[in-house]
Amino acid sequence: MATRSNRVPFLFRPLPRGSRLLKHALLIGFGLIMLYPLLWMISSSLKPEDLIFREPGLWPSAVTMDNYIEGWSALKHSFGYYLWNSAVITGLSVAANLVACSLAAYAFARLNFPLKKVWFAIMLGSIMLPYHVTVVPQYIVFANMDWINTIWPLVVPKFLATDAFFIFLMVQFIRTLPRELDEAAAIDGAGYWRIFLQVILPLCMPALATTGIFTFIWTWNDFFSQNLYLTNSDNLTVAVALRQFLDSSGESSWGPMFAMSIVSLGPIFGFFLAGQKYLIRGMATTGLK
């Protein structure tokens with residue numbers, strides 16, 4: 001009689017110690033390669049401007065903070081002014097996406113309304129539609145509304161749940177929650193709004209954290225839309241203000257630009273580190289379901 005083999009499949013066998021060390025060495029090497037541009041920019045921001053391209057290494061022969069001091073006040077306004085502009089637009093965008101996308105996702109995942117599947121398919125189809133296809137009609141609409149050089153073209157669409165990717169993300173997450181929770185709340189007399197606010201929303205913290213983090217990063221780093229709608233120098237954001245350090249004639253302030261680039265990365269790292277535990281908790285919770 002044939003017996004079942006107890007051999008472990010090749011792909012699941014533990015690697016020898018030498019192979020594990022080699023694998024970790026390769027991962028560390030590739031990680032350093034990916035981090036090299038960031039490390040070089042940090043090093044260049046601490047060098048005198050005449051040494052930035054003469055000394056391509058990471059370790060500067062001379063260290064100075066003049067690039068940070070000069071870059072902070074090199075433009076029409078102090079760099080803190082542009083940080084504040086970006087913070088306002090990014091904060092409103094994060095709040096808008098969290099509110100609007102969660103409401104739309106709850107409707108698609110839990111409620112029944114006419115042509116629900118058709119609207120859901122249209123919403124998914126909009127994910128595959130490149131942004132540059134709609135930018136011209138949107139610009140014409142916003143120009144007719146006299147919204148150019150204001151933050152409204154960058155913020156108002158997000159209150160209308162136009163980021164279909166985050167809606168789909170939350171729909172998939174809400175569908176993993178048992179409907180018995182909704183039914184129990186309904187038996188206790190809760191309506192749709194109370195079920196959403198007191199039952200569904202608290203359980204969606206991992207999806208909300210993911211939405212908030214990615215919205216923050218994408219909006220903070222957005223150059224195209226902000227450069228398109230904010231042409232007045234008083235309304236510039238960080239992404240557009242950094243472009244002002246580059247001169248088409250070749251007289252570019254590389255040192256101050258690198259210094260302010262490092263400053264502009266601070267809020268991104270801070271926001272990501274603050275929400276990282278929610279991402280990890282979300283992955284762990286999803287794995288237990």
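Phe53 is exposed in this predicted model, with a relative accessibility of 53%, which places Phe53 over the 50% cut-off. Its aromatic partner Trp254 is partly exposed, at 31%. The briefing below covers the aromatic pairs, the largest pocket and the surroundings of Tyr139.

**Aromatic pairs and clusters**

- The structure holds 20 aromatic pairs.
- Phe53 and Trp254 form one of these pairs, with an edge-to-face geometry: the ring centres are 5.7 Å apart and the planes meet at 85 degrees.
- Phe53 belongs to the loop between α1 (17–45) and α2 (66–72), whereas Trp254 belongs to helix α13 (residues 254–288); the pair therefore ties together parts that are 201 residues apart in sequence.
- Phe53 and Trp254 also belong to one aromatic cluster, together with Trp40 and Phe258.
- Tyr106 and Phe196 form a tilted aromatic pair, with 5.1 Å from centre to centre and 45 degrees between the planes.
- Because Tyr106 lies in helix α3 and Phe196 in helix α9 (residues 192–203), this pair ties together parts that are 90 residues apart in sequence.
- Both Tyr106 and Phe196 are buried.

**A charge over a ring**

- Arg175 is placed over the face of Phe120, at 5.2 Å from the ring centre.

**The largest pocket**

- The volume of the largest pocket is about 1,100 Å³.
- The lining of this pocket comprises 35 residues, of which Tyr131, Gln138, Lys158, Thr162 and Asp163 are the closest to the pocket centre.
- Two or more lining residues come from each of the helices α3 (79–110), α4 (116–127), α5, α6 (152–159), α7 (164–175), α10 (205–220) and α11 (224–229).
- By class, the lining contains 24 nonpolar, eight polar and three charged residues.

**The surroundings of Tyr139**

- Tyr139 is located in helix α5 (residues 131–144).
- With a relative accessible area of 31%, Tyr139 is partly exposed, because this value falls between the 20% and 50% cut-offs.
- Leaving aside residues up to four places away in sequence, Tyr139 touches Ile148, Leu228 and Tyr229.
- Between Tyr139 and Leu228 the separation is 89 residues in sequence, and their C-alpha atoms are 8.7 Å apart in space.

Terms used: Residues numbered from 1 in each chain as written. Predicted model: local features only at pLDDT ≥ 70, side-chain atom pairs only at ≥ 80, totals over all residues. Heavy atoms only, no water. Helix = DSSP H or I, 4+ residues; strand = E, 2+ residues; numbered from the N terminus. Buried < 20%, exposed > 50% of the residue type's maximum accessible area, 1.4 Å probe, protein only. Contact = heavy atoms within 4.5 Å. 1 Å grid on protein atoms, 1.4 Å probe; cavity = no way out; pocket = protein on both sides within 12 Å on 5 of 7 lines; lining within 4 Å. Points joined across faces, edges and corners; volume = space filled by probe spheres on them. Nonpolar A, V, L, I, M, F, W, Y, C, P; charged D, E, K, R; others polar. Phe/Tyr/Trp six-rings, centres within 6.5 Å; stacked < 30°, edge-to-face > 60°. Lys NZ or Arg CZ within 6 Å of the ring centre and 35° of its normal.
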